[in-house]
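Hi everyone, thanks for coming. Let's put today's structure up on the screen.

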There are 4 protein chains.
Amino acid sequence: MTKPDAGLDSPGARLLQAQGIESSAFTRFMGTRLRAFSPGRVEAELDLRPELTQHHGQAHGGVIGYLADTVSAWAAASTGIDVVMSEYKLNFLAAAHGEVLWARGEVLKAGRRQVIVRSDVYATHEGQETHVATALATIAAVNGRREEETNAGQ
Amino acid sequence: MTKPDAGLDSPGARLLQAQGIESSAFTRFMGTRLRAFSPGRVEAELDLRPELTQHHGQAHGGVIGYLADTVSAWAAASTGIDVVMSEYKLNFLAAAHGEVLWARGEVLKAGRRQVIVRSDVYATHEGQETHVATALATIAAVNGRREEETNAGQ
Amino acid sequence: MTKPDAGLDSPGARLLQAQGIESSAFTRFMGTRLRAFSPGRVEAELDLRPELTQHHGQAHGGVIGYLADTVSAWAAASTGIDVVMSEYKLNFLAAAHGEVLWARGEVLKAGRRQVIVRSDVYATHEGQETHVATALATIAAVNGRREEETNAGQ
Amino acid sequence: MTKPDAGLDSPGARLLQAQGIESSAFTRFMGTRLRAFSPGRVEAELDLRPELTQHHGQAHGGVIGYLADTVSAWAAASTGIDVVMSEYKLNFLAAAHGEVLWARGEVLKAGRRQVIVRSDVYATHEGQETHVATALATIAAVNGRREEETNAGQ
């Protein structure tokens, strides 16, 4: 019996776990975990250890940018193609204090040549969420995608 | 005798060293060094240690984004104000193989409320440079800037 | 009796109508209309006249960018401050065929110095909507905003 | 005898004139002219007629965004491929007063699947130039590009 392609135990999530986390030294270095998975919608998180902060005791902007970049690529990959990040734009919204930093990436459009992903980053502090950044990314489909698998947006 | 405000030994560079590097845990964790300093133009670099790479053996995109973000903030700070990163956009141009990753940030406009910085990231591999990313950032002046210190220019 | 500050007949909408449309030659030239108004959420639209198209018979990208820019500024202004557009990033999602092009801008964060707005552009063709672009913009508050009027995002 | 592929009278410039200007209603509506042409580097301009301004008597931001978008697409097309604009990010630097608005697009990287272009917009007022905006764009190659024609460079 095959598992459905959603949830952390699904084939898609396992492939992402193997390719995106276990074989990427930096992703392990940052301690990034997959938090939720369904095609076109992925969440990732990491613990805000002291070494990931900056001088005001909050998450360094580079950690926030890293997590937005990562979750955007993972959301694009969750649509079943090999991807390479092309570009992204990130707006910082609030200081990121807390124990956990997490992000959600959502596919806005999965085209033949590229995938557009919106992502949002949150900090969790004593159970309270703060929306700390929002990003918009373009991810290239390395080998393209078959036409019948595309969608034209939401 | 006062030192001129350019070069790694200038007062501006020393302030950046103290505020941007020594008091920022993540910047030390990444091993980022100031490489060149003059008002409005700053370079930073880091060694591409194995833990900063991803599965293809090249610098992880998150490391490239981090360095572009950092050098943009430093270039803005080099104009003599307290800064907070507002937003940036980054385009990846080529895979980043090599021993050293470095970046240059250049102020395009230093206004009263915000500073616009263009930055470029390069990988050095056996003496050869590859242009791996380019970014465009908006940095807010925390307490503003006196009008006579602004420029409207390139 | 005062009108509530939402709806096309509210004081906020009337101010926008006077400042953003009637006194702006280009906005009139493009034929832009206010379509919906509430603080932090504004819609604008224009008719896709032949002169606003390009060689494939669809809306020119410049028209789409213009509408995203305009609705972003209007959404920021709807929070009660004088604004100046700082920057935006726009992703094109699909070709824009149809009779009407419209856009919605939503404030993600209204800070003291700047407002972050997400906007989406749609084309309406024979009653059917296509999501043609999405944008993320930073708008500066010209004279700042009193602290008690800010929000820290969603 | 063939003309070299640079200059306003070259085959590349004539193709752009036919495809980008004469067959695009909006481009004619805006009065956009090709100003300089060489592969990977293109300039465009338009007269700042009263209907292209906003309430402060300066060029409307939408006109600036339009010109940056257009010159970016043209610079990408000047490398000899069919293009479609994917996304861009634009920073406004200064108010655009003057008689002429012009822009230069320069290709940073011409890859197989996409072209990265940096563009800058200037206003000319009584012979004096003001740098009014800078943009960074990603343009997709509709049918790809043969590998031997790509560059990886600046």
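I'll go through a helix in chain D, and then the place where chains C and D touch.

First, the housekeeping: this is a predicted model, where local features need pLDDT of at least 70, side-chain atom pairs count only at pLDDT 80 or more, and totals for chains, interfaces and linings use all residues. Residues are numbered from 1 along each chain as its sequence is written, with chains lettered from A and ligands numbered from 1 in the order in which they are written.

So, helix 1 of chain D, residues 11-22. Helices here are DSSP runs of H or I with at least four residues, and strands are runs of E with at least two, numbered from the N terminus. Which residues of helix 1 of chain D are buried? They are G12(D), A13(D), L16(D) and G20(D). Buried means 20 or more other C-beta atoms within 10 Å of the residue's own, exposed means 12 or fewer, partly exposed is in between, and C-beta atoms are placed from the backbone. Those four cover an arc of only 90° around the axis, which puts them on the same side of the helix; the arc is taken from the directions from the helix axis to the C-beta atoms. On the face turned away from that side, you'll find the exposed P11(D), A18(D) and E22(D).

Now over to the two chains. 28 residues of chain C are in contact with 28 residues of chain D, contact being C-beta atoms, placed from the backbone, within 7 Å. Strand 3 of chain C gives the most to its side, with eight residues. That strand runs antiparallel to strand 3 of chain D, joined by five bridges, and E87(C) stands opposite N91(D). Pairing takes at least two bridges found by DSSP.

Technical notes. Contact = placed C-beta atoms within 7 Å. Expected span 1.5 Å × (residues − 1).
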